[in-house]
Amino acid sequence: MNDPAVRVDTTSQVPPYEQIRAQLGALILTGRLTEGERLPTVRQLAADLGLAPGTVARAYRELEAAELIRTRRGAGTRVAALPAEPARFDPEQLATLARDFASAARALGVGAEAILTAVRDALERQA
């Protein structure tokens, strides 16, 4: 994970572990972090962000539960393979993706209108 950076706003109402989870989840789901790419260790990312290791560990546990990353002793934490074909439409998954995007955008200091504009622009480009 060299290029995409995770940022945490400690003044945000969004807990730091949630900001990390949301940002890494978005990077994985959008393909900016690819299958097999190694993530920093919990201790390294915690040191980089000035957070407690337990905070980063919680974010990693939630990403593992969502099957977006996998941790193997001796091999580190890596981005997991995404399913080849998306499953049927799942309203809960859509809500999670929306929450992840909104949390990541808020962590960058973006307001609601700018978030909505970014989503509309992205939808128009895909149409």
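**A walk through a five-helix, two-strand model**

Of the 127 residues of the protein, 29% count as buried. Buried means under 20% relative accessible area, exposed means over 50%, and partly exposed lies in between (1.4 Å probe, protein chains only). This is a predicted model: local features need pLDDT of at least 70, side-chain atom pairs count only at pLDDT 80 or more, and totals for chains, interfaces and linings use all residues. Residues are numbered from 1 along each chain as its sequence is written, and side-chain values use heavy atoms, with hydrogens and water left out.

Start with the overall plan. The protein has five helices and two strands. Helices (H or I, at least four residues) and strands (E, at least two) are DSSP runs, numbered from the N terminus. Along the sequence, the pattern reads α-α-α-β-β-α-α. The radius of gyration is 15 Å, close to the 14 Å that the globule rule gives for 127 residues, so the protein is as compact as a globular protein of that length. That radius is taken over C-alpha atoms, and the globule rule is 2.2 Å times the number of residues to the power 0.38. Along its principal axes, the C-alpha trace spans about 45 × 40 × 25 Å.

Next, look at contacts and surface. Contact means heavy atoms within 4.5 Å. Take the contacts with a separation of 6 or more: residues 24 or more positions apart account for 56% of them. The accessible surface comes to about 8400 Å². Carbon and sulfur atoms hold 52% of that surface. The areas come from the Shrake-Rupley method with a 1.4 Å probe; for residues, only the protein chains shown count as cover.

Now turn to helix α4, residues 91-107. How far apart are its end C-alpha atoms? They are 24 Å apart. This agrees with expectation, because 17 residues at 1.5 Å a residue should span 24 Å. The expected span is 1.5 Å times one less than the number of residues. Which residues of α4 are buried? They are Asp-100, Ser-103, Ala-104, Ala-105 and Ala-107. Their cover includes α1 (16-29) and α5 (112-126). After α4 comes Gly-109, whose phi is positive, near 90 degrees.

Ser-103 gives a closer view of α4. Ser-103 is buried, with a relative accessible area of 9%. Leaving out residues up to four places away in sequence, Ser-103 touches Val-14, Glu-18 and Ala-22.

Helix α5 holds Val-119. Val-119 is partly exposed, with a relative accessible area of 35%. Val-119 and Phe-101 are 18 residues apart in sequence, and their C-alpha atoms are 9.5 Å apart in space.

Glu-18 leads on to the charged pairs. A salt bridge is a side-chain nitrogen of Lys or Arg within 4 Å of a carboxyl oxygen of Asp or Glu. By this rule the count comes to six. Arg-21 forms one with Glu-18, the closest N and O atoms being 2.5 Å apart. Arg-21 and Glu-18 are three residues apart in helix α1, so about one helical turn separates them. An α-helix has 3.6 residues a turn, so residues three or four places apart point the same way. Are Arg-21 and Glu-18 buried or exposed? Arg-21 counts as buried at 7% relative accessibility, and Glu-18 counts as buried at 10%.

Arg-21 also forms a salt bridge with Glu-62, with the closest N and O atoms 3.6 Å apart. This pair links distant parts of the chain: Arg-21 is in helix α1, Glu-62 is in helix α3 (residues 53-65), and 41 residues separate them. Glu-62 is partly exposed, at 29% relative accessible area.

Glu-62 has a salt bridge with Arg-58 too, the closest N and O atoms being 3.5 Å apart. Both lie in helix α3, four residues apart, about one turn of the helix. Arg-58 counts as partly exposed at 36% relative accessibility. Which residues do the shared partners join? Glu-18, Arg-21, Arg-58, Glu-62, Arg-99 and Asp-100 form one network of salt bridges.

Last comes helix α2 (residues 42-49), where Gln-44 is found. Gln-44 is partly exposed, with a relative accessible area of 39%. Its side chain makes a polar contact with the side chain of Asp-48, at 2.6 Å. A polar contact is a pair of N or O atoms within 3.5 Å; within protein, one must be able to donate a hydrogen and the other to accept it, and residues adjacent in sequence count only if both atoms are side-chain atoms. Gln-44 and Tyr-60 are 16 residues apart along the chain, with 13 Å between their C-alpha atoms.
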